[in-house]
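Reader: I'm new to protein models and I'd like to learn how to read one. Could you walk me through it, one feature at a time?

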Amino acid sequence: MRCAYVENQDPQDPLRGLRVGALADPGPPADGWEAVTVRAAALNHHDLWSLRGVGLPADRLPMVLGTDAAGHTADGAEVVVHAVVSNPDWDGDETLDPSRTLLSERYHGTLAARVWVPRRNLVPKAPELTWAEAACLPTAYLTAYRMLTEAAGLRPGRTVLVQGAGGGVATAAVVLGLAAGLRVWVTSRSEAKRRRATELGAHGAFRTGERLPEQVDAVLETVGEATWGHSLRSLRPGGTVAVAGATSGPMPPAELNRVFFRSLRVVGTTMGTRAELADLQRFMVSAGVRPVVDDVLPLSGTGAALRRMAEG
């Protein structure tokens, strides 16, 4: 089976351990798993973390990378793969299962000709979406969708600040937030990324840490230490910071006095549920919006694409 996989890990040079080649098809890990012929898969920073040795123990190597995919089952059904694998006995929100895992952590991932997935993780693909568009949804877009709707609880007309424009979740939040009738502001250290966000429709783009024209109803935070203080300062009293990542570090000063004095809410969220993935597709189709696809490459281009991602 042709795939892109981790052969060995290097925290300093993660791409050194990437291989694109053939591995034996592992077959179904358990009863109730189904094979999906992959038509498109998306890359995420999760792949780089795996290559660095974060979240993927060395004794599980080689491991096929990839959390996201769209493809078809043996009977021809077109599906989107939900990446969160919960315990078979778990009932309810899969992201709350303490033993949950993502594809490419305990089980082989989606950057392959074929991937084995629990049957319950297969969500019908909206026919209006291309394979590449559908493959973008299960990690970045589902995370952004849940941050906006469930974690931040935003309604049309509210203002949201998205930290770190240009990242996958941040870009998804701009697209989805605009479609949901929000006023969307972004920050970035990069002028090019700020400009790109405004081209996508963002109502305002600011340098990282810059004072905003007014305080916002919610902040979407995936950057962490580098932007945390600015996120708290940017919130109106009673506002919400929704946290789904910490790429610049997980240990910023908490500023608890600001949190309690201004009645701020800090809400953590991870990925989303199968039901939310189905809702996300319906929302995008009805709103007439599509994921931003930077490029479409063959599997052999995985290394070059991950290098671009690593370089920002």
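Author: Sure! Let's begin with a cut-off: a residue counts as buried under 20% relative accessible area, as exposed over 50%, and as partly exposed in between. Arg19 has a relative accessible area of 29%, so this residue is partly exposed. Keep in mind that this is a predicted model.

Reader: Okay, and what is the relative accessible area of Glu7?

Author: For Glu7 the value is 38%, so Glu7 is partly exposed as well. Glu7 and Arg19 form a salt bridge, and their closest N and O atoms are 3.0 Å apart. This pair links distant parts of the chain: Glu7 sits in the loop between strand 1 and strand 2, while Arg19 is in strand 2, twelve residues apart.

Reader: How do I know when to call something a salt bridge, and how many does the structure hold?

Author: Look for a side-chain nitrogen of Lys or Arg within 4 Å of a carboxyl oxygen of Asp or Glu. The structure holds 15 of these. Try Asp25 and Arg114: their side chains meet in a salt bridge at 2.5 Å, N to O. Here too the pair links distant parts of the chain, with Asp25 in the loop between strand 2 and strand 3 (33–42), Arg114 in strand 9 (residues 114–118), and their places 89 residues apart in sequence.

Reader: Are Asp25 and Arg114 buried, exposed or partly exposed?

Author: Asp25 has a relative accessible area of 30%, so it falls in the partly exposed range. Arg114 has 33%, so Arg114 is partly exposed too.

Reader: Which residue forms a salt bridge with Arg274?

Author: That's Glu94, with the closest N and O atoms 2.6 Å apart. Arg274 belongs to helix 8 (residues 274–287), and Glu94 to the loop between strand 7 (84–85) and strand 8 (101–102), so follow the chain over 180 residues to get from one to the other. Now compare the two partners: Arg274 is partly exposed because its relative accessible area is 25%, whereas Glu94 counts as buried because its value is 3%.

Reader: What about salt bridges that link up into a network?

Author: You can find one here: Asp93, Arg146 and Glu276 are linked in a network of salt bridges.

Reader: Next, sheets. What is the order of the strands in the open sheet of three strands?

Author: The order is 2-1-4, and the pairing is antiparallel. Strand 2 (18–22) and strand 4 (63–64) are the edge strands, since each pairs on one side only. Strand 1 (residues 2–6) pairs with strand 4 in the antiparallel sense over two bridges. To spot a bridge yourself, start at Tyr5: its bridge partner in strand 4 is Val64.

Reader: How do I read the surroundings of a single residue, say Thr73?

Author: Start with its place, which is the loop between strand 5 (68–72) and strand 6 (78–81). Thr73 has a relative accessible area of 4%, so Thr73 is buried. Its side chain makes a polar contact with the side chain of Asp75 at 2.4 Å. Setting aside neighbours within four places in sequence, Thr73 is in contact with Glu34, Ala35, Val36, Val79 and Leu122.

Reader: And where does Trp131 lie?

Author: Trp131 lies in helix 2 (residues 131–135). With a relative accessible area of 18%, it stays under the cut-off, so Trp131 is buried. Not counting residues up to four places away in sequence, Trp131 touches several others, among them Arg39, Ala40, His72 and Val79.

Reader: Can you show me residues that are apart along the chain, with a distance I can check?

Author: Take Arg183, found in strand 12 (residues 183–188). Its C-alpha atom is separated by 8.6 Å from that of Gly204, 21 residues apart along the chain. For Trp131 and Ala58, 73 residues apart along the chain, the C-alpha separation is 32 Å.

Reader: Last one: which residues form a nonpolar patch on the surface?

Author: Leu256, Phe260 and Phe261 do, with about 430 Å² of accessible area together. Look at Phe261 in helix 7 (residues 256–261): its relative accessible area is 70%, so Phe261 is exposed.

How values were computed: Residues numbered from 1 in each chain as written. Predicted model: local features only at pLDDT ≥ 70, side-chain atom pairs only at ≥ 80, totals over all residues. Heavy atoms only, no water. Helix = DSSP H or I, 4+ residues; strand = E, 2+ residues; numbered from the N terminus. Buried < 20%, exposed > 50% of the residue type's maximum accessible area, 1.4 Å probe, protein only. Polar contact = N/O pair within 3.5 Å; in protein donor to acceptor, adjacent residues only side chain to side chain. Contact = heavy atoms within 4.5 Å. Patch = residues over 30% accessible without salt bridge, like charges linked within 9 Å, V, L, I, M, F, W, Y side chains within 5 Å. Areas by Shrake-Rupley, 256 points an atom, 1.4 Å probe, with all protein chains shown as cover.
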